[in-house]
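Subject: Handover of a structure, with notes

Dear colleague,

Please find the structure below, followed by my notes on what was found in it.

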Amino acid sequence: MAYVIIDTCTKDLLCADICPTDCVHPKKDEPGFEEAKQLFVDPVGCIDCGACVPVCKSDSIYALDDLAEGFKQFIDINAKYYAN
Ligand code: SF4
Ligand code: SF4
């Protein structure tokens, strides 16, 4: 399991700053940050600690089990960012 970010993400990096395993990207100093529509959770690095959820001001990050039916596509969208 891993946490998943959806497209209401504002790229303010609050979750990336608090993530203990550095599994939210791209960060501001990384390639592709400006072009990215949102940030993405690396499903391999995420340890399901949940620390990112309360810091998100736009309710854009969810545990898999809490992801509403209409947002399941973001599981793949997050994973694909790390597949290249
Ligand atoms: S659940 Fe924990 S490890 Fe996973 S993205 Fe959030 S802060 Fe990082
Ligand atoms: S805290 Fe929320 S809005 Fe900010 S980068 Fe993370 S998911 Fe996106």
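The residues of the shell around ligand 2 divide into nine nonpolar, three polar and two charged, where Ala, Val, Leu, Ile, Met, Phe, Trp, Tyr, Cys and Pro count as nonpolar, Asp, Glu, Lys and Arg as charged, and the others, Gly among them, as polar. This shell holds 14 residues, of which the closest are Cys9, Leu14, Cys15, Cys56 and Ser60; a residue is taken as near a molecule if its C-beta atom, placed from the backbone, lies within 6 Å of it. Around ligand 1 there are 13 residues, the closest being Cys19, Cys46, Cys49, Ala51 and Cys52, and that shell divides into ten nonpolar, two polar and one charged.

Please bear in mind that this is a predicted model, in which local features need pLDDT of at least 70 and side-chain atom pairs count only at pLDDT 80 or more, while totals for chains, interfaces and linings use all residues. Residues are numbered from 1 along each chain as its sequence is written, and chains are lettered from A and ligands numbered from 1 in the order in which they are written.

Leu14, one of the closest residues to ligand 2, lies in helix H1 (helices, H or I of at least four residues, and strands, E of at least two, are DSSP runs numbered from the N terminus). Leu14 is partly exposed, with 18 other C-beta atoms within 10 Å; on this scale 20 or more such atoms make a residue buried, 12 or fewer make it exposed, and partly exposed is in between, with C-beta atoms placed from the backbone. Leaving aside its neighbours within four places in sequence, Leu14 is in contact (C-beta atoms, placed from the backbone, within 7 Å) with Val55 and Cys56, and the C-alpha atoms of Leu14 and Val55, 41 residues apart along the chain, are separated by 6.3 Å.

The largest nonpolar core, meaning a set of buried Ala, Val, Leu, Ile, Met, Phe, Trp, Tyr and Cys residues joined through C-beta atoms within 7 Å, has 17 residues, among which Tyr3, Ile5, Val24 and Val41 touch the most other members. Strand E1 (3–5), helix H1 (14–18), strand E3 (40–41) and strand E4 (61–63) each supply at least two residues of this core, and E1 gives the most, with three residues.

For the chain as a whole, the elements run β-α-β-β-β-α from the N terminus on, and buried residues make up 24% of its 84 residues.

Best regards

Note on methods
Contact = placed C-beta atoms within 7 Å.
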